[in-house]
Amino acid sequence: MSQSSTTFSLLNPTKITPFKLLLRPTFSRYPSITAVRSEPKSTPHSNNLNLTVAESQLISPVIPESSYSSSSSILEVDRVSSSEIKENGFRSTRRTKLVCTIGPSSCDFETIEGLARGGMNVARLNMCHNTREWHKVVIEHVKKLNEEMGFAIAILMDTQGSEIHMGDLDGASSVKAEDGSIWTFSIRTFDASHPERTISVSYDGFAEDVKVGDELLVDGGMVRFEVVDKIGPDVKCLCTDPGLLLPRANLALWRKGRLVQQHNSMLPTITSQDWLDIDFAIAEGVDFIALSFVRSADTINHLRSYIAARSPNRDVAVIAKIESVDSLKNLEEIIQASDGAMVARGDMGSQIPLEQVPFAQQKIVQLCRQLNKPVIVASQLLESMIEYPIPTRAEVADVSEAVRQQADALMLSGESAMGLFPDKALAVLRSVSLRIEKRCREDNLNEELELTSISTSFPDVIKEEICSSAAKIASRLQVDALFVYTTDGQMASLLSRWRPDCPVFAFTPTASVRKQLNLLWGLIPFRLNFSEDMDSNLNRTFSLLKIKDMIKSGDRIVAVSDMLQSIQVRTVP
Ligand SMILES: Nc1ncnc2c1ncn2[C@@H]1O[C@H](COP(=O)(O)OP(=O)(O)OP(=O)(O)O)[C@@H](O)[C@H]1O
Ligand SMILES: CC(=O)C(=O)O
Ligand SMILES: [K+]
Ligand SMILES: [Mg+2]
């Protein structure tokens, strides 16, 4: 996303004054999710949310609709949002957005379509795995769903970066490392197949850097080894925590209870391979590029200026993945420079002690809110669902916590990329989000952050004030929805920032803005061409939404727009 047409970020980034957090004293007592699954289906327009896992299929029947092509239709909304509104009423639409990593378990058109119908807002492609050709096919599937079936699924491409990782395991999908077994981690290249219990390592300095006695963590500690010997390019390791080794899993070295940091600090954040992937992403028109292992704001700025030069007309937003010690040190300047952030808990958990990860998550989520950047909570949310059709209670508690923190989005990784139950994992995220959001609204359990002004220019201050007042009015008057007419998305993100009680209908004429808004908390993005005349916009929107059965006479809304410095409170005629 270019600096000039900022959707989520500030036009004029300057130092932000520290902000104060007002926390309410208690947030305990999560409702039990197991009960959710056996409850009956809710009646239309009731406020009772009883989505069950199996019901996700019922939500949006497939009706081929040619009218979704962008030229012919005048008001485009995705079928999941419209079904949720029709079934449960305004107040009960899902506010938390859902990101699914697409991998071997989910790459065919039917599965992606199932995820779309199950509520996927963003599809993530992890360039650590597979070829660009493979990813291109997935992108084509998503485009087809958007163009022909009325979805607005954004695509997020995640770079590989120069983290240290294992090689490909000779094509095996996983290999078991037994307790007490000896493995060789080698920087040699193998022409034919690897010798038994030998793993290639992506970083040439590995054999030099390690010391006997170091601990080697695979995949954030899923499997652990102790370095017992070094023989030239080969490092002999004893398995101390057995488990499954997955292809290209990340490696982290620990020495005397601390992460060995210097080992790859000279490697670039964006590798030559990543630049090719970035060119590919720009050419394919992806909506977000997520940068792995970011260390400073400079890299983000470097990438943003490259994107602006390469694609002046198309905005690609840059998401900073917070997963390294350095990114935590430079958190504020990194988030300020980015269009959003991801709490990448997988690698973060092998870089800092595990028990610090929840605090880091809370801090990043709150900072993103203050700086008005969307934030994704990622990794291991429902890890056990890679193998099992239901989550553990602990996983449900973790998801609930992220929803209660009002993060913009939750992300599935292995659960949707390589697991046995991608659709069921998504359905769990969806039903837990709906249930916890509702409970927090009803019992006033949401954290109240005291947000300070982020604007530096007078026109921006006006927009910010209008949005903050509109959100307040909407909550006090208990209206059914906020409407925002926005060309660049900025006013929509400012409304979302206040986490209002009602959903925000965001109308934008631009397809790319609509998709990017799909990552933001509480926004239901519509594509609509509108004029400068707010009265005619409102009347037209009312009748279009009535035809779609999404509003009815008597519903109350609060409306704001980019064009007019006013807040309108209207009752649908
Ligand atoms: N495009 C893909 N092709 C093949 N396997 C994939 C693909 N995407 C993901 N996977 C599999 O799913 C697992 C989990 O995916 P995820 O995106 O969380 O990656 P990761 O390798 O753990 O690391 P990171 O998210 O830190 O880049 C991967 O380890 C890999 O086995
Ligand atoms: C998502 C990611 O990169 C991680 O959790 O490490
Ligand atoms: K990655
Ligand atoms: Mg990672």
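Hi everyone, this is a short tour of the domains, the two ligand sites, one sheet and one helix of this structure. It is a predicted model, in which local features need pLDDT of at least 70, side-chain atom pairs count only at pLDDT 80 or more, and totals for chains, interfaces and linings use all residues. Residues are numbered from 1 along each chain as its sequence is written, while chains are lettered from A and ligands numbered from 1 in the order in which they are written.

Let's start with the overall layout. The chain splits into domain 1 (1–162 + 269–573) and domain 2 (169–264), with bounds that come from an automatic or database domain assignment. Nine residues of domain 1 are in contact with nine of domain 2; contact here is C-beta atoms, placed from the backbone, within 7 Å. On the domain 1 side, α11 gives the most, with five residues. That side divides into two nonpolar, six polar and one charged. Ala, Val, Leu, Ile, Met, Phe, Trp, Tyr, Cys and Pro count as nonpolar, Asp, Glu, Lys and Arg as charged, and the others, Gly among them, as polar.

Now, where does ligand 1 lie? Ligand 1 lies between the two domains, because both give residues to the shell around it. There are 19 residues around ligand 1, and the closest are Gly103, His129, Ser413, Gly414 and Ala417; a residue is near if its C-beta atom, placed from the backbone, lies within 6 Å. α11 (345–351) and α14 (414–417) are the elements that give two or more residues to this shell. Helices (H or I, at least four residues) and strands (E, at least two) are DSSP runs, numbered from the N terminus. By class, the shell of ligand 1 has six nonpolar, ten polar and three charged residues.

On to ligand 2. The residues around ligand 2 include Lys321, Glu323, Arg345, Asp347 and Ser413. α11 turns up again, giving the most to this shell, with three residues. Its classes are two nonpolar, four polar and four charged.

Next, the sheet. Seven strands form an open sheet with mixed pairing, in the order β8-β7-β11-β10-β9-β13-β14. Its edge strands, β8 (198–200) and β14 (258–259), each pair on one side only; pairing needs at least two DSSP bridges. β10 (residues 223–231) and β11 (residues 234–241) run antiparallel, joined by seven bridges. Val227 stands opposite Cys237 in β11.

Last, helix α4 (residues 109–117): which of its residues are buried? They are Ile112, Leu115, Ala116 and Arg117, where buried means 20 or more other C-beta atoms, placed from the backbone, within 10 Å of a residue's own. After α4 comes Gly119, with a positive phi near 110°. Thanks for listening!

Note on methods. Buried ≥ 20, exposed ≤ 12 C-beta atoms within 10 Å, placed from the backbone. Contact = placed C-beta atoms within 7 Å.
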